[in-house]
Amino acid sequence: MIVVVATTQHEVAGVQMRLRELEGRDVDVLEPSDTRRLVLAAFDEWAAEPVAGALRGEGRVAVARPVDGPRLEAWMRHTRPIAFSERLSVCFAWSEHDRGDLPGLIELGPGGFGSGEHPSTALVVDQLLGRIRGGERVLDVGCGSGVLGLCALRLGASRVVALDIKADAVDATRRNAALNGMERQVEATNAPLEEIDGTFDVVLANIGRAAIVQLAPELVGRLSPDGWLAVSGISSSQCALVAGFLCPLVALECGTSGEWSTLILGRRPQIPVALVER
Ligand SMILES: C[S@@+](CC[C@H](N)C(=O)[O-])C[C@H]1O[C@@H](n2cnc3c(N)ncnc32)[C@H](O)[C@@H]1O
């Protein structure tokens with residue numbers, strides 16, 4: 001197995017030394033972008049995951065990956081950067097793919113849930129691309145890795161409150177905010193939605209039908225008068241039912257990708273209800 005540590009030019013020498021201390025072999029450095037450096041070292045199969053875990057415990061962005069064969073091919077496919085538009089891309093920090101030219105890059109470290117690849121996430125990112133005007137306060141309910149809130153910030157939103165029931169997701173969101181230099185704009189919390197104060201210009205909830213229905217009154221209550229709410233992780237046949245629970249909000253748009261749908265709602269129709277196929 002190979003342990004990959006994502007770091008900066010400034011820290012490369014220290015990471016190389018640490019990997020050698022841990023008895024890593026064939027230590028090598030890759031430069032997938034101007035600013036990102038990856039330090040790779042070979043470890044025995046049994047040692048790689050514990051070493052990567054120990055490095056993460058030291059605050060480093062570290063993963064273990066296969067050496068070769070079909071498992072490495074699958075890994076390389078899974079770690080390909082996602083270019084959403086000419087303004088936004090998302091990529092794992094440890095991705096070995098070249099990403100020097102990618103615009104508006106958000107990098108993600110280990111932990112949490114959500115790489116931007118899943119259709120229920122990508123559909124919400126599409127909406128952010130079309131709807132963020134700049135300066136919005138965003139509430140990211142079920143933040144997972146923080147990917148949606150970080151994309152909103154990259155597109156011009158000013159502040160994100162990100163919450164999740166899982167402690168791992170909250171920790172991952174904080175780390176990912178720091179990885180992208182956005183820690184001052186992101187407040188990540190384990191607090192339940194009913195304890196979040198104030199209203200938001202944008203509320204995002206890619207949490208599936210059951211959780212949307214359960215949290216419906218709070219989701220509606222956190223939306224500012226001219227704001228919009230995106231609920232995702234539902235099937236197109238569930239849109240009407242879910243919209244009913246979010247009354248008095250009205251459906252503005254429904255985006256679909258395969259079996260997944262995202263519903264956009266607001267307090268009054270700004271544009272006619274639109275059906276958009278991804
Ligand atoms: C499908 S993931 C979405 C992650 C990320 N926002 C994205 O779009 O890729 C759903 C997340 O919602 C969280 N979640 C589920 N129910 C929740 C609830 N009632 N309150 C807060 N978070 C919840 C889960 O722990 C999980 O991290």
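This passage describes a sheet, a nonpolar core and a ligand shell in a predicted model. Local features were required to have pLDDT of at least 70, and side-chain atom pairs were counted only at pLDDT 80 or more, whereas totals for chains, interfaces and linings use all residues. Residues are numbered from 1 along each chain as its sequence is written.

An open sheet of 4 strands, with antiparallel pairing, has the order E2-E3-E1-E4. Strands (E, at least two residues) and helices (H or I, at least four) are DSSP runs numbered from the N terminus, and two strands pair if DSSP finds at least two bridges between them. Strand E2 (25-30) and strand E4 (61-65) are at the edges, each with a single partner strand, so one side of each lacks a neighbour in the sheet. From one strand to the next, the twist averages 20 degrees. Strands E1 (residues 2-8) and E3 (residues 36-42) pair in the antiparallel sense over 7 bridges.

Val-5 stands opposite Val-39 in E3. Beyond its neighbours within four places in sequence, Val-5 is in contact (C-beta atoms, placed from the backbone, within 7 Å) with residues including Val-15, Leu-19, Leu-38 and Val-39.

The ligand is surrounded by 19 residues (C-beta atom, placed from the backbone, within 6 Å of it), of which Gly-114, Thr-121, Gly-142, Gly-144 and Asn-206 are the closest. Helix H5 (147-154) and helix H7 (208-221) are the elements that give two or more residues to this shell. The shell comprises 11 nonpolar residues (Ala, Val, Leu, Ile, Met, Phe, Trp, Tyr, Cys and Pro), 2 charged (Asp, Glu, Lys and Arg) and 6 polar (the others, Gly among them).

Terms used:
Contact = placed C-beta atoms within 7 Å. Axes fitted to C-alpha atoms, helices over the stretch in contact; angles between N-to-C directions.
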